[in-house]
Amino acid sequence: MAAALAAIPEQAKREMTTCSLEAAHTTGHGTESLTAASRTLQDHVADFLEEKGADLMCPKSVGDLMEKLSEHNNSVKEQVLTVSGVLPPKVSAALSAVENARCSLETLLEREQLTINMLHKHLQEAQPWLDNLRQTCNQVDVIERHVKYLRCLQHIEELSATVQQCLMTSSAWEAIRAVERMAALDHGLNQSGCSHLQNFLRETLQFWHKIIKDRLASDFEKILTQLHWPIISPPTQSLAPTVSCQEISSQLELLIRQLLALQTPDDLISQRTSDSGEGLPSPQLVSSVTPLSKASPLCLPIQIMLLPLNKRFKYHFYGNRQTNSLSKPEWYLTQVLMWMGNSSTFMEETIQPILDRAEVSISAKVELCRGLLSLVQEKVASDASKLLYDDVLFCHLMEEVLQFEKELRSNLSYPAVLPGVLHLLLEDAVLQKWLTMEKKMAVEKMDAMLSAERAWSSQYKDISDMDDLKAPDCAETFMTLLQVITERYRTLPCPSAQLKFLGLQKELVDDFRIRLTQVMKEESRCPLGVRYCAILNAVNYISTILGDWGNNVFFLQLQQTAVSVGEEAVLGGLGVMEVGRLASLEGSLFDGLLALLDRLKGDMLGRLLDFLMREIKEKAKPYCQERWLSLPPQQDQSAMTLSSTACPMMLCVRDRLLNLHQVLGFSLFQLAWQGLAERLDNFLYQDVILCNNFSDGGAAQLQFDMTRNLFPLFGHYCKKPENFFKHVKEACIILCLNVGSAILLRSVLKEPEKMSDWSVAGDPPPESALNELGVHCLAPCDVLILLSLRTPCPGQ
């Protein structure tokens, strides 16, 4: 390699070095670029020598290489000269532009600094003028506010003088309009900070409003007195004014319209009184009663009409009066209902037309009920807080309040959107006490109903049309108890409170189920006893009623509410899948209880059927040991009769079916006789048929006993009882085949080569041959066993 490198002419090396240096200089890399270019040149030469190899040893090849390098060197020189001739003018132009921009920037900076200095000097000189101007503006603002304040005072005094002058000249309408303007001014000053001015205006407004209101109320009360208001006793005739009372009617309408015009300032004053806390009930009552700030104020004429009724109510039902008795809440509740009912005709016929002509969209009857209801709400809330530790009086108060709410909504058609008195029962302490008392009373009634003399007898046992379920008296009483609880909490305005009562009902059902289980275990020694069957009927009855409740709209709505709020007391720790099923209405809130009840029902039915089968098996022992081989053929008997050994078994089955039909409900009896038929079918097939050999006479006798005696015992309860004895029926068919058919069937079932060729040759399988005989339940292997029980055995 060194020799080849030495063979390169010195001129070629200088040219290659010169080209690389010029290229480095052209790109403007400086000394570092020259060093890098030198290293790159050495690498290039090394690569070049490795590539050419032995060709460099030939002088001719070296000469050709020199020519190519010379041409390349000349081409590079031309490119360098061309580029160097073009770049300097552009570079010089760019440098010139940069220099100009730098000069302009320095000029701008100098001007900026000069401007800043002038601005600071100007601000310093103008600062005293600015301070003087600000002080002057502040003084002007203060003077303007004083002027506005004085103008407002003047306006208030003018309105007050106007009201006074109108009252002196009996110009009620003008006085009312002036008070309305005063109320509008008071509303406009709500955001003002002039507290003294506001207080002065409000005091002035209240002063004149009270004077006008008292004057109109006095005249209004005189007119109402002439119309026999308040109506304490039931009206005997229409209360609408007659033609001769047109003057009273016109005065009444005028006064009502004027009072309605005072409604806005009256509402403002009432709201201000509520905000200040004057005239409100005690704090414990405010938490229960609908907040006064959220309830719309009563119509002013109705407020005046309520005054005498309020006085009567407070006179009779407050203080030391005998009528104010905690043990007699029905006195004031009934009295208020009577006032509402007696006054409804007057309100609808006399007051309501005036309100309609005044274009006031309120109901006079409803407004009167609202006013009276506020008295009841305050009284009930007060009494309920006093009776939290008296169980008897508290329960009595709850019953009366619920009855009052029912009559208020149904008889008086009080709107459902307006609160009644039930929301008073939703206060935490009252609601918890109510739930505690419901549970306590329910448990006491359960103890009483289960220990009653007629607890396990049905009150409808003599009425067949009403006794399908044969529910005992204790079960009906218990479900009636739950229904009464439902009716009590159904109308509560709070779904969460309703869910608490539903949780209590589920707890009571589970408690009753446990009690039934305990009694059942005591009676399980005699499952055919009246009490055991009554318990079974009770479980079935409760399960049926809960299933119906699961499809009831009210409970479906509670179910959706429970899912949405995640009520743990009702959902009972259900998983995500179960909650999803409830949300999609695929299940019900009673599914858990129904599963427990069904399990208890299945266990009791199993015990009952086990007891029956033990008794039947005991009676059937002689029948199982019958000498079926020695019985004569059918043609040798004059008439077929029931086997004597089968009589005890048949009588036992008949008697037990009749007994179960009398003591069990219809659906339970269906399950019982079908379960008995299934077990009896299995017993006869296993212990009678498969355990014996049969002659033709024995097979015929067995078929006669079954088809003419056993099956008809169940024929009273279904059309085709043989369908419930499939094993016995089909076994009789096989055993009673004639010899030829039996031999042919045995050959069809036995020959293995035919069995392997069926699928290939397309011949029907052996099941088809059995189906033609009416055998669908027994398998071919079972049929072979039955054929082997025939004597003589077919095919042998």
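Two rings of Phe, Tyr or Trp, taking the six-membered ring for Trp, count as a pair if their centres lie within 6.5 Å. In this predicted model, the count by that rule comes to 22 aromatic pairs. One of them joins Y489 and F554, a tilted arrangement at 5.9 Å centre to centre with 45° between the planes. That pair bridges distant parts of the chain, with Y489 in helix α15 and F554 in helix α18 (residues 553-565), 65 residues apart. Neither ring sits out in the open: Y489 is buried at a relative accessible area of 0%, and F554 is buried at 9%. Zooming out a little, Y489 and F554 belong to one aromatic cluster together with W434, F501, W549, F555 and F590.

Now for the overall picture. The chain is built with 30 helices and 0 strands. Of its 796 residues, 38% are buried. Looking at contacts with a separation of 6 or more, 75% come from residues 24 or more positions apart. Helix α7 makes a handy geometry check: at 1.5 Å a residue, its 16 residues (246-261) should span 22 Å, and the end C-alpha atoms are indeed 22 Å apart, so the two agree. Plenty of α7 is tucked away too, with I248, S249, L252, E253, L255, I256, Q258, L259, L260 and A261 buried.

The largest nonpolar core has 196 residues. Those with the most contacts inside that core are F478, L546, L680, L702, M706, L710 and F714. Take F714 from that list: setting aside residues up to four places away in sequence, F714 touches V653, L657, W673, L676, A677, L680, P721 and F725. Both F714 and F725 are buried. Their rings form an edge-to-face aromatic pair, 5.2 Å centre to centre and 65° between the planes. F714 lies in helix α25 (residues 696-715) and F725 in the loop between α25 and α26 (726-735), so the pair ties together parts 11 residues apart in sequence.

Charged side chains get a look-in as well. R488, in helix α15 (residues 473-489), is buried, with a relative accessible area of 15%, which falls under the 20% cut-off. The R488 side chain makes a polar contact of 2.7 Å with the side chain of E438. Beyond residues up to four places away in sequence, R488 touches E399, L402, W434 and E438. W434 turns up again here, being one of the residues in the aromatic cluster. Elsewhere, the ring of Y318 has lysines over it: the charged end of K314 sits 5.1 Å from the ring centre, while K379 lies over the face at 4.8 Å.

H776 rounds things off. This residue is placed in the loop between α29 (766-773) and α30 (780-788). With a relative accessible area of 58%, H776 is exposed. Leaving out neighbours within four places in sequence, H776 is in contact with E730 and N771. A polar contact of 3.2 Å joins the side chains of H776 and N771. H776 and K726 are 50 residues apart in sequence, yet their C-alpha atoms are 8.4 Å apart in space.

Key. Residues numbered from 1 in each chain as written. Predicted model: local features only at pLDDT ≥ 70, side-chain atom pairs only at ≥ 80, totals over all residues. Heavy atoms only, no water. Core = buried A, V, L, I, M, F, W, Y, C linked by side-chain atoms within 4.5 Å. Buried < 20%, exposed > 50% of the residue type's maximum accessible area, 1.4 Å probe, protein only. Contact = heavy atoms within 4.5 Å. Helix = DSSP H or I, 4+ residues; strand = E, 2+ residues; numbered from the N terminus. Expected span 1.5 Å × (residues − 1). Polar contact = N/O pair within 3.5 Å; in protein donor to acceptor, adjacent residues only side chain to side chain. Phe/Tyr/Trp six-rings, centres within 6.5 Å; stacked < 30°, edge-to-face > 60°. Lys NZ or Arg CZ within 6 Å of the ring centre and 35° of its normal.
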